[in-house]
Amino acid sequence: MLTLHNEPALLLFSGGQDSATCLGWALNHFIRVETVGFAYGQRHAVELECRRSLRESAPGINTAWRTRLGGDTLLELDLFSQIGDTAMTSDMPIAVDDQGLPNTFVPGRNLLFLTAAAALAWKKGIRHIVIGVCEADSSGYPDCRDDAVKAMQVALNIGMNARFVIHAPLMRLDKADAWRLAEAEGGKAFVDLVRAQSHTCYLGERGQLHAWGYGCGECPACRLRAHGWEGYIAGETRA
Ligand code: ZN
């Protein structure tokens, strides 16, 4: 059974599939959910546009969500483009290095996002922070790992004299499980909303709506998303 905390939470909300799914989870677990996003020089502003439309549509899923969705903050963190190019922040071909790490990896990104989110949460008197990182089925980004998130929680609590709890509800889920979680939190209507309104594609492609959502269908993020969708649908057919 889900527990509804009688406290607010701050969700790191990018407009991607994972954070959109976490929005549903957070709205079922916290009395109020505020969102924070980051403009960090990402290649495509489409993610930021998706944040807006997801926030507009989510309250339509049920009345509880309508009353619980709080405000949004967009923070500028455009220092990454000054530090150096990655395929996430400039127009270069996507490639994978010999360690299996794609050049879409922006070093320190989630660490900085968590620090900025915690600073905002501290100001707002919020102690629960929700982030949609996932260790099980990510692109191998080291800052999505459980150890990194736990270490950040310790560092932030020491450094801000706080008692933050960082929740990462997708940490142990693969991408098929993430679709199942979306369904468990908000039913088919929410799955449909995440499918059509969240954005994952590294190339910012939103021309054609596939079964699994919009995207080029070729980049690593689209492949991961499409593969997860197939797993989710296959599980449904078996059930
Ligand atoms: Zn793509």
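The following questions and answers introduce a predicted model of a protein with a bound zinc ion.

Q: Which residues are the protein donors of the zinc ion?
A: In this predicted model, the donor atoms are SG atoms that lie 2.3 to 2.4 Å from the zinc ion. Their residues follow the spacing C-x14-C-x2-C-x2-C in the sequence. The donors are Cys 201, Cys 216, Cys 219 and Cys 222.

Q: What is the geometry of the site of the zinc ion?
A: The ion has 4 donor atoms, with angles of 105 to 117° among them. Four donors count as tetrahedral if all angles lie between 85 and 135 degrees. The site is therefore classed, by these angles, as tetrahedral.

Q: Where in the chain do Cys 201 and Cys 216 lie?
A: The two residues are 15 residues apart and link distant parts of the chain. Cys 201 belongs to the loop between helix H7 (175–197) and strand E6 (209–210). Cys 216 belongs to the loop between strand E7 (213–214) and helix H8 (220–238).

Q: Is Cys 201 buried or exposed?
A: Buried means under 20% relative accessible area. Cys 216, at 23%, is partly exposed. Cys 201 has a relative accessibility of 4%, so this residue counts as buried.

Q: What is the order of the strands in the open sheet of 5 strands?
A: The pairing in this sheet is parallel. Strand E3 (69–76) and strand E5 (165–167) each pair on one side only, as edge strands. Neighbouring strands are turned by 25° against each other on average, direction ignored. The order is E3-E2-E1-E4-E5.

Q: Which residue in E3 is the bridge partner of Thr 35?
A: Strand E2 (residues 30–39) pairs with E3 in the parallel sense, over 6 bridges. The partner of Thr 35 in E3 is Asp 72.

Q: At about what angle does helix H1 run to E2?
A: Helix H1 (residues 17–29) lies across strand E1 (5–12), E2, E3, strand E4 (128–130) and E5. Relative to E2, helix H1 runs at about 155°.

Q: Which element gives the largest share of the largest nonpolar core?
A: This core has 66 residues. Elements that give two or more residues to the core include E1, H1, E2, helix H5 (109–124) and helix H6 (146–159). The largest share is 9 residues, and these come from H7.

Q: Which residues of the largest nonpolar core touch the most other members?
A: Leaving aside neighbours within four places in sequence, the contacts of Phe 38 include Leu 12, Leu 48, Leu 74 and Phe 113. In the core of 66 residues, the members that touch the most others are Leu 12 and Phe 38.

Technical notes: Residues numbered from 1 in each chain as written. Predicted model: local features only at pLDDT ≥ 70, side-chain atom pairs only at ≥ 80, totals over all residues. Heavy atoms only, no water. Donors = N, O, S within 2.8 Å, 3.2 Å for Na, K, Ca; no water. Tetrahedral: all angles 85-135°; square planar, octahedral: opposite > 155°, others 65-115°. Helix = DSSP H or I, 4+ residues; strand = E, 2+ residues; numbered from the N terminus. Buried < 20%, exposed > 50% of the residue type's maximum accessible area, 1.4 Å probe, protein only. Pairing = 2+ DSSP bridges. Axes fitted to C-alpha atoms, helices over the stretch in contact; angles between N-to-C directions. Contact = heavy atoms within 4.5 Å. Core = buried A, V, L, I, M, F, W, Y, C linked by side-chain atoms within 4.5 Å.
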